[in-house]
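User: I should like to understand how certain terms are applied to a protein model. Please explain the reasoning behind each one.

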Amino acid sequence: MSNTPMAASPLTRAVLEIDEYASGLGWDQPARLFALVDTARLRAEEPALAAQLGLEDEQESSGLTPIEQDEIPANSPLDEFLATIAWPDAVAGCALTVERLMLPPAAEASVPEGLDDRKLARWVAEHPDRQEVRMTVAVLRDGARESALRLREKDAPTEVLTGSDLVPGLAEALAATFED
């Protein structure tokens, strides 16, 4: 992975790898869901798949491999779609990358009252201070979390913000996909 710090945790490296992949696809993309699997376990239990993914010669003994899942239905609200997911035991975690419009905290005070979701989305889209952001959020079964945020106006690998609590609501929704 060209832009990922080697000292980063396996989860941070996976999030940055997904961010870099999504960046290569450009903006205005649909949400993408990824299973995160233990790379060593994948090589041992599924050598053909590991070879197909180019992992057979990896030197690293620990790490996570993101595997993109089927496309998320465009007409399904993201929270409702995530509520339908159950992962097999071989999946160590999952990640989602999604683009959204974001307002600075100062703009929140000027939100008109009584707007339904559609009107609120239109108001945000027309706000002069709106920012387009790509969020990549990942969680592991053990509760570990990581996120990467990339602003469209600062679209460069060196401008990606990472942290475990950047998008807590989305992290909670992803963590819920591992609950019984």
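Analyst: A nonpolar core is a set of buried Ala, Val, Leu, Ile, Met, Phe, Trp, Tyr and Cys residues joined through side-chain atoms within 4.5 Å. Buried means under 20% relative accessible area, with a 1.4 Å probe and protein chains only. The model is predicted: local features need pLDDT of at least 70, side-chain atom pairs count only at pLDDT 80 or more, and totals for chains, interfaces and linings use all residues. Residues are numbered from 1 along each chain as its sequence is written, and side-chain values use heavy atoms, leaving out hydrogens and water.

User: Which residues touch the most other members of the largest nonpolar core?

Analyst: They are Leu33, Leu82, Trp87, Leu96 and Leu174, in a core of 27 residues. Strand E4 (131–140) gives the most to this core, four residues; strands are DSSP runs of at least two residues, numbered from the N terminus.

User: What makes Ile67 a contact of leucine 33?

Analyst: Contact means heavy atoms within 4.5 Å. Leucine 33 meets this with Ile67, and also with residues including Phe81, Trp87 and Leu174, its neighbours within four places in sequence being left aside.

User: Why is a space called a cavity?

Analyst: On a 1 Å grid over the protein atoms alone, a cavity is a set of points where a 1.4 Å probe fits but cannot get out. The whole structure has one such cavity of 30 Å³ or more, and the largest holds about 50 Å³, a volume being the space filled by probe spheres set on the points, which are joined across faces, edges and corners.

Technical notes:
Buried means under 20% relative accessible area, exposed over 50%, partly exposed in between (1.4 Å probe, protein chains only). On a 1 Å grid over the protein atoms alone, a cavity is a set of points where a 1.4 Å probe fits but cannot get out, and a pocket is an open set with protein on both sides within 12 Å along at least five of seven lines; lining residues have an atom within 4 Å of a point.
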